[in-house]
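Student: I would like a close look at one part of this model, the helix that chain A brings to its partner chain. Please set that part in the context of the rest.

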Amino acid sequence: MTDIRITVAGLRKDFNRRPVFSDISFDLSGGRTLAISGRNGSGKSTLLKIIASLLSPSAGAVSLTIDGVEIHRRWTFRHVGMVAPYLHLYEEFTALENLTLIDRIRGSNHTASEYEEMLAMVSLERRRHDVVRTFSSGMKQRLKYALAWMDRPGLLLLDEPRTNLDPEGITTMKTLFKEQRGNGIVIVATNEEDDAVMCDERISLSGVPPPGAPGTGRKGGR
Amino acid sequence: MIMKSDGFIRITAAVFRKDTSSELRTRYALNALFLFTLTTLSIILFSFQSATVPVQVHAGLLWVLIFFAAMSGLSRTFITEEDRGTILLLKLSTISTPVFYGKLLFNVLLLLALTAILTILYSLVLPGFAVMSMTSFCISLFLGTVGLASASTIIGALIAKANARGTLYPVLSFPIVLPLLLTVIRATTIAMEDPAWDAAMDEYRVLVSYIVAINAASYLVFEYIWKD
């Protein structure tokens with residue numbers, strides 16, 4: 001397993017001076033999993049985007065270390081796999097082309113058989129030459145899992161992981177979850193109890209407290 | 001951690017290949033450019049009919065066509081990524097620099113092809129269009145096109161997240177590309193009047209300086225656009 005650690009300290013995010021969450025802190029090492037829950041608009045997706053370095057925090061810091069070396073936020077993407085409803089695929093390309101193009105843009109060089117293997121893992125091997133535009137939303141979600149898992153990332157971020165998935169897709173998602181647990185860290189943003197119970201720890205984003213109150217990120221071990 | 005130069009070139013080429021394949025399938029920019037070229041050339045042809053037009057007017061008209069064609073097509077590279085939500089997939093796959101240069105390369109080659117086709121059509125349909133120095137004319141077209149594509153690419157990236165893009169793009173572009181347009185129209189006019197290839201050397205220097213300056217500024221600015 002990769003010696004990976006993520007430390008989130010005193011994180012706050014405001015949009016147009018409106019606080020979304022504040023004082024979020026947690027620390028996870030390889031093999032640990034975390035569920036983030038909270039009502040709509042509490043900032044679950046925003047928190048995941050900040051962890052993935054897609055957004056900057058208004059205050060606080062996210063530190064990702066691999067083998068004791070801190071990774072600059074510019075290079076975080078190399079260690080992150082993400083599945084989220086707001087992450088969209090290139091619909092004019094086929095499933096196989098999406099894997100190939102993104103793999104090349106990542107600077108990786110997987111073989112054709114590895115692409116086939118990834119597509120088989122998410123049960124899309126028979127539709128590999130079909131353009132993504134013709135896929136159902138569940139099939140697109142499966143392809144996002146293949147893209148996220150392709151480089152075996154140290155940190156897997158799942159936002160509403162079972163969105164649009166059928167029972168077979170949910171089983172695939174759970175298999176990946178277990179494999180990732182042996183590979184690194186998983187952080188799941190969800191309000192589904194079935195997803196949250198798979199995680200070792202949980203924080204709840206319950207909104208920004210009034211001035212003087214303690215932080216919103218309540219971490220509870222399981 | 002740094003990216004090695006061969007890795008940078010490979011990723012830039014991968015972004016360019018993705019954009020080219022995507023454009024060939026969706027034809028977002030190609031259709032806009034083709035329709036714009038067809039309609040404007042037809043309007044100019046019917047307006048002028050057999051009237052004799054001064055050289056300066058030909059040079060100005062040619063660059064007006066190229067400028068507005070660039071405005072209608074080149075901003076698409078970043079806007080489509082933003083509109084379709086695929087920009088996040090790119091951000092999770094690589095750093096900003098190869099994305100910018102991959103898209104810049106795509107825009108430069110697209111506009112070079114468009115300029116070549118537009119110039120050939122223009123010279124065929126409009127009477128009185130003659131070039132004294134073909135070398136000077138080609139240098140002017142090349143430098144002007146690269147400068148225009150460079151400016152259009154960074155402005156397209158800047159406005160991709162804005163709401164009123166349709167208005168913002170030409171409004172923001174005009175002051176940025178005005179020095180380029182004035183210089184390249186002068187260089188093109190000289191190429192149509194003077195047979196010496198180096199008669200517009202001062203204009204070439206200004207155009208090269210413009211390309212270097214706009215690309216240096218783009219390199220510095222794009223990292224901030226990319227972040228949030």
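Tutor: Two strands are taken to pair if DSSP finds at least two bridges between them. The model is a predicted one, and chain A supplies an example of such pairing at its start. Strand β1(A), residues 4–15, and strand β2(A), residues 18–29, run antiparallel and are joined over eight bridges. Within that pair, Leu11(A) faces Ile24(A) of β2(A). Two residues lie between the strands of this hairpin, and Asn16(A) has a positive phi near 50° there.

The helix you ask about is α2(A), which covers residues 95–105. Its partner within the chain is α4(A), residues 137–149; the two axes are 10 Å apart and the packing angle is about 25°. Because angles under 35 degrees count as roughly parallel, α2(A) is roughly parallel to α4(A). The crossing of α2(A) past α4(A) is right-handed. On the α2(A) side, the contact is made by Ala95(A), Asn98(A), Leu99(A) and Ile102(A). On the α4(A) side, Leu143(A), Ala146(A) and Leu147(A) make the contact.

Helix α2(A) also takes part in the contact between the chains. That contact draws on 22 residues from chain A and 23 residues from chain B. On the side of chain A that touches chain B, the elements giving two or more residues are β6(A), residues 80–83, and α2(A). The largest share of that side comes from α2(A), with four residues. The helix that packs on α4(A) is thus also an element that touches chain B.

What does chain B, on the other side of the contact, consist of in terms of secondary structure? Chain B has nine helices and zero strands, so from the N terminus on its elements read α-α-α-α-α-α-α-α-α. Its C-alpha trace spans about 60 × 35 × 30 Å along the principal axes. The radius of gyration of chain B is 18 Å, which agrees with the value near 17 Å that a compact globule of 228 residues would have. Of the 228 residues in chain B, 43% are buried. Among contacts in chain B with a separation of 6 or more, 85% join residues 24 or more positions apart.

To return to the part you asked about: α2(A) packs against α4(A) with the axes 10 Å apart, and it gives four residues to the side of chain A that touches chain B.

Methods:
Residues are numbered from 1 along each chain as its sequence is written. Chains are lettered from A and ligands numbered from 1 in the order in which they are written. This is a predicted model: local features need pLDDT of at least 70, side-chain atom pairs count only at pLDDT 80 or more; totals for chains, interfaces and linings use all residues. The radius of gyration is taken over C-alpha atoms; the globule rule is 2.2 Å times the number of residues to the power 0.38. A residue is buried if 20 or more other C-beta atoms lie within 10 Å of its own, exposed if 12 or fewer, and partly exposed in between; C-beta atoms are placed from the backbone. Two residues are in contact if their C-beta atoms, placed from the backbone, lie within 7 Å. Axes are lines fitted to C-alpha atoms, for helices over the stretch in contact, and angles run from 0 to 180 degrees between N-to-C directions. Angles under 35 degrees count as roughly parallel, over 145 as roughly antiparallel, 65 to 115 as roughly perpendicular and the rest as oblique. A crossing is left-handed if the near helix is turned anticlockwise from the far one by less than a right angle, and right-handed if clockwise.
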